[in-house]
Amino acid sequence: MHWFDSYAASISLLFSALLEAIGVAWFYGIERFSENIEEMIGHKPGLFWRLCWKFISPIFLIVSTLS
């Protein structure tokens, strides 16, 4: 049971987060996503957040999944 808790859940969760990050940032589009956030909170997210969603988060998740 310890192996299942240690290895099975973490890799699958990282992989699903990676697919979600890629799906939102690349397929749905960062501009559409930013416009949706603007509708919710009243202003668009800054450049830092858009760069994180598009590049930094997927790269970090790929490295975490592969290592």
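Rings of Phe, Tyr and Trp, the six-membered ring in the case of Trp, are taken as a pair if their centres lie within 6.5 Å. By that criterion, a search of the whole structure finds four aromatic pairs. The structure is a predicted model, and the tour below visits two of its aromatic pairs before turning to helix α2 and the charged side chains.

**First stop: Trp-26 and Phe-55**

Select Trp-26 and Phe-55 and display their rings. The ring centres are 5.8 Å apart and the planes stand at 80 degrees; planes over 60 degrees apart count as edge-to-face, so this pair is edge-to-face. The two residues belong to distant parts of the chain: Trp-26 is in helix α1 (residues 2-41) and Phe-55 in helix α2, with their positions 29 residues apart in the numbering. Colouring by accessibility shows Trp-26 as partly exposed, at 44% relative accessibility. Phe-55 is likewise partly exposed, with a value of 39%.

**Second stop: Phe-33 and Trp-53**

Next, select Phe-33 together with Trp-53. Their ring centres lie 5.1 Å apart and their planes meet at 75 degrees, so this pair is edge-to-face. It too links distant parts of the chain, with Phe-33 in helix α1 and Trp-53 in helix α2, 20 residues apart. Phe-33 has a relative accessible area of 24% and is partly exposed; Trp-53 is also partly exposed, at 24%.

Now extend the selection to Phe-48 and Trp-49. Together with Phe-33 and Trp-53, these residues form one aromatic cluster.

**Third stop: the course of helix α2**

Keep Trp-53 selected and show the backbone of α2, residues 47-66. At Trp-53 the helix bends by about 45 degrees. How far apart are the end C-alpha atoms of helix α2? They are 28 Å apart, which agrees with the 28 Å that its 20 residues should span at 1.5 Å a residue. Then select Cys-52, Pro-58 and Leu-61, which are buried residues of α2.

**Fourth stop: charges over rings**

Return to Trp-26 and add Lys-54. The Lys-54 side chain lies over the face of Trp-26, at 4.2 Å from the ring centre. For another arrangement of this kind, select Arg-32 and Tyr-28: Arg-32 lies over the face of the Tyr-28 ring, 4.8 Å from its centre.

**Fifth stop: the salt bridges around Glu-31**

Side chains of opposite charge can pair when their charged atoms come close. The structure holds two salt bridges. To see one of them, select Lys-44 and Glu-31, whose closest N and O atoms are 3.5 Å apart. Lys-44 lies in the loop between α1 and α2, whereas Glu-31 is in helix α1, so the salt bridge ties together parts that are 13 residues apart in sequence. Both ends are partly exposed: Lys-44 at 36% relative accessibility, and Glu-31 with a relative accessible area of 41%.

With Glu-31 still selected, add Arg-50. The side chains of Glu-31 and Arg-50 meet in a salt bridge, at 3.9 Å from N to O. This pair links Glu-31 in helix α1 with Arg-50 in helix α2, 19 residues apart. Arg-50 is partly exposed, at 25% relative accessibility.

Finally, display Glu-31, Lys-44 and Arg-50 at once. Which arrangement links Glu-31, Lys-44 and Arg-50? The three residues are joined in a network of salt bridges.

Methods: Residues are numbered from 1 along each chain as its sequence is written. This is a predicted model: local features need pLDDT of at least 70, side-chain atom pairs count only at pLDDT 80 or more; totals for chains, interfaces and linings use all residues. Side-chain values use heavy atoms; hydrogens and water are left out. Helices (H or I, at least four residues) and strands (E, at least two) are DSSP runs, numbered from the N terminus. The expected span of a helix is 1.5 Å times one less than its number of residues. The bend at a residue is the angle between axes fitted to the seven residues ending there and the seven starting there. Buried means under 20% relative accessible area, exposed over 50%, partly exposed in between (1.4 Å probe, protein chains only). Rings of Phe, Tyr and Trp (its six-membered ring) pair if their centres lie within 6.5 Å; planes under 30 degrees apart count as stacked, over 60 as edge-to-face and the rest as tilted. A charge sits over a ring if NZ of Lys or CZ of Arg is within 6 Å of the ring centre and within 35 degrees of the ring normal. A salt bridge is a side-chain nitrogen of Lys or Arg within 4 Å of a carboxyl oxygen of Asp or Glu.
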